[in-house]
Amino acid sequence: FRSRREARAVAPGTTVTHAPSMPRPAASRMVFHNGIVVLPDRVLENAFVECAGGRIRRIGRGRPPRGGELVDARGGYITPGFVDIHVHGGDGADFMDGDPAAVRTACRAHARHGTTTIFPTTTTGAPARITAMLRACAEVKQAGSTADGARIEGVHFYGPYFAPDKVGCHPAEGRRDPDAREYRRHFATGVIRIATCAAELPGAEAFYRAARRLGCLVTCGHSNATWAEMARAYRAGMRHVDHFWCAMSSVASLRQRCGTPMQASMEQFVLARPEMSTEVIADGHHLSPELLEFAWRQLGPRRLCLVTDANRALDQPPGRYRFGCAEDGEWIESDGKVGFVPGGGALASSVVGLDTMVRNMARLTPAPLADVVRMASLTPAERAGIAAETGSLEKGKRADLLVLDRRLRVRRVFIGGAEFAG
């Protein structure tokens with residue numbers, strides 16, 4: 001795969017184009033061997049994974065079975081492919097560009113970083129922008145080609161229903177309260193699998209109920225909600241909070257909004273309710289190691305997801321980039337490590353892939369590797385309702401596998417048993 005150092009060897013702010021390579025077709029039978037197999041609750045030394053017809057057939061230890069194509073992990077790790085439920089773009093493209101070519105560019109970028117299943121995520125924006133994004137993602141999803149990179153399982157309808165004081169780096173003019181006619185039209189496309197709305201907005205509970213009826217993962221994000229507002233959202237079907245500690249209420253922010261007595265916030269509600277899940281951006285810039293460890297200890301690997309929240313600056317050199325549509329998105333800056341709002345210093349999304357999140361979580365916290373990989377694969381798959389098909393190395397699931405070296409760097413990527421060439 002192309003290194004980030006190579007990607008930066010151009011003038012700052014210049015978009016680097018990575019030409020797609022043709023994938024290797026899925027072998028009728030493959031055996032991944034000479035590696036450490038990472039399962040949801042443990043690791044298996046000297047193990048193998050046998051696949052056939054694009055599915056996992058069995059997992060064992062010791063000498064690999066004969067026949068078929070051998071994939072040598074060279075002493076590294078054999079893991080499930082990563083699942084990203086919150087991601088905006090990469091490699092110079094944003095899903096809100098509303099163009100199938102941009103969608104493919106971003107999906108290929110994230111596949112190079114180990115993501116085999118992806119949920120392209122909207123920003124705030126005009127209804128026409130969101131409609132174009134949904135159409136472009138549906139087209140690429142229907143094509144279902146390994147050459148297109150990470151497989152689209154659905155769209156995360158994230159913007160535009162944010163609280164006015166929690167818009168963050170998203171285009172403020174594209175923010176609005178829930179509009180039933182608008183979101184019903186978007187839901188009717190059938191491509192939305194995750195749906196976000198700030199809990200305190202008028203019409204939020206109706207939005208949640210509509211999304212729940214469709215089987216979506218229903219989430220609250222970019223919100224300054226109180227415990228009471230979260231409780232009403234919970235009764236309407238909300239079960240997840242976007243990027244913990246980022247663009248969300250706190251006891252301090254609610255004192256400014258509600259005065260005294262001080263109010264419990266989204267943080268306390270998530271920690272207190274075992275049915276709730278959340279996600280962290282483990283890029284080393286959004287959250288400290290102590291917060292990452294706290295989230296893992298308090299929530300555990302079954303309730304905590306790793307996400308990228310990555311923008312188009314992923315795999316691009318430092319410079320200025322549009323967040324959202326290339327035509328009218330907000331300007332952000334990237335230093336090659338994280339995105340931030342020009343002049344103010346506020347963070348604006350990440351610029352690294354899920355492989356970096358996994359490495360950081362393993363390096364910066366005491367979480368065992370099985371927990372770390374689970375948070376990047378099975379847990380988001382469970383929350384998004386796709387765990388029967390992907391997210392872990394189990395018999396019958398799709399052969400979405402990664403070969404990582406001992407430093408957890410991506411060496412090979414397989415999507416449905418076909419190797420993604422990058």
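Visitor: What makes β5 and strand β20 (residues 401-404) a pair?

Guide: Four bridges join β5 to β20, and the two run antiparallel. Two strands pair if DSSP finds at least two bridges between them, so four bridges meet the rule. One of the contributing residues is T79, whose bridge partner in β20 is L402. Before we go on: this is a predicted model, in which local features need pLDDT of at least 70 and side-chain atom pairs count only at pLDDT 80 or more, while totals for chains, interfaces and linings use all residues. Residues are numbered from 1 along each chain as its sequence is written, and side-chain values use heavy atoms, with hydrogens and water left out.

Visitor: How do you know that strand β1 (residues 29-38) is paired with strand β5 (residues 77-80)?

Guide: Two bridges join β1 to β5, which run parallel. The rule asks for at least two, so this pair qualifies. In β5, I36 has Y77 as its bridge partner.

Visitor: And what is it that makes a stretch a helix or a strand?

Guide: Both are DSSP runs, numbered from the N terminus: H or I over at least four residues for a helix, E over at least two for a strand. By that reading the protein chain has twelve helices and 22 strands. β10 (151-152) is a strand of the sheet β6-β9-β10, and a run of two residues is enough by the rule.

Visitor: Why are β6 and β10 called edge strands?

Guide: Each pairs on one side only. The sheet is open, with three strands in the order β6-β9-β10 and parallel pairing. Strand β9 (residues 115-120) is joined to β10 over two bridges, with I118 facing its bridge partner I152 in β10.

Visitor: Which helix lies across β6 and β9?

Guide: That is α10 (residues 354-364), which runs at about 105° to β6. Such angles run from 0 to 180 degrees between N-to-C directions, with axes fitted to C-alpha atoms, for helices over the stretch in contact, where contact means heavy atoms within 4.5 Å.

Visitor: In which sense do the strands of the sheet β17-β18-β19 pair?

Guide: The pairing is antiparallel in this open sheet. Its edges are β17 (319-323) and β19 (339-340). Five bridges link β17 to strand β18 (residues 330-334), and Y321 has I332 as its bridge partner in β18.

Visitor: What makes the peptide bonds from G159 to P160 and from T260 to P261 stand out?

Guide: Both are cis: omega is about 20° for G159 and P160, and near 0° for T260 to P261. P160 sits in the loop between β11 (155-157) and α4 (180-187), and P261 in the loop between α7 (251-258) and α8 (266-272).

Visitor: How do you know that the protein chain is in line with a compact globule?

Guide: The radius of gyration, taken over C-alpha atoms, is set against 2.2 Å times the number of residues to the power 0.38. For 422 residues that gives near 22 Å, and the chain has 20 Å, so the two agree. The C-alpha atoms fill a box of roughly 70 × 45 × 40 Å along the principal axes.
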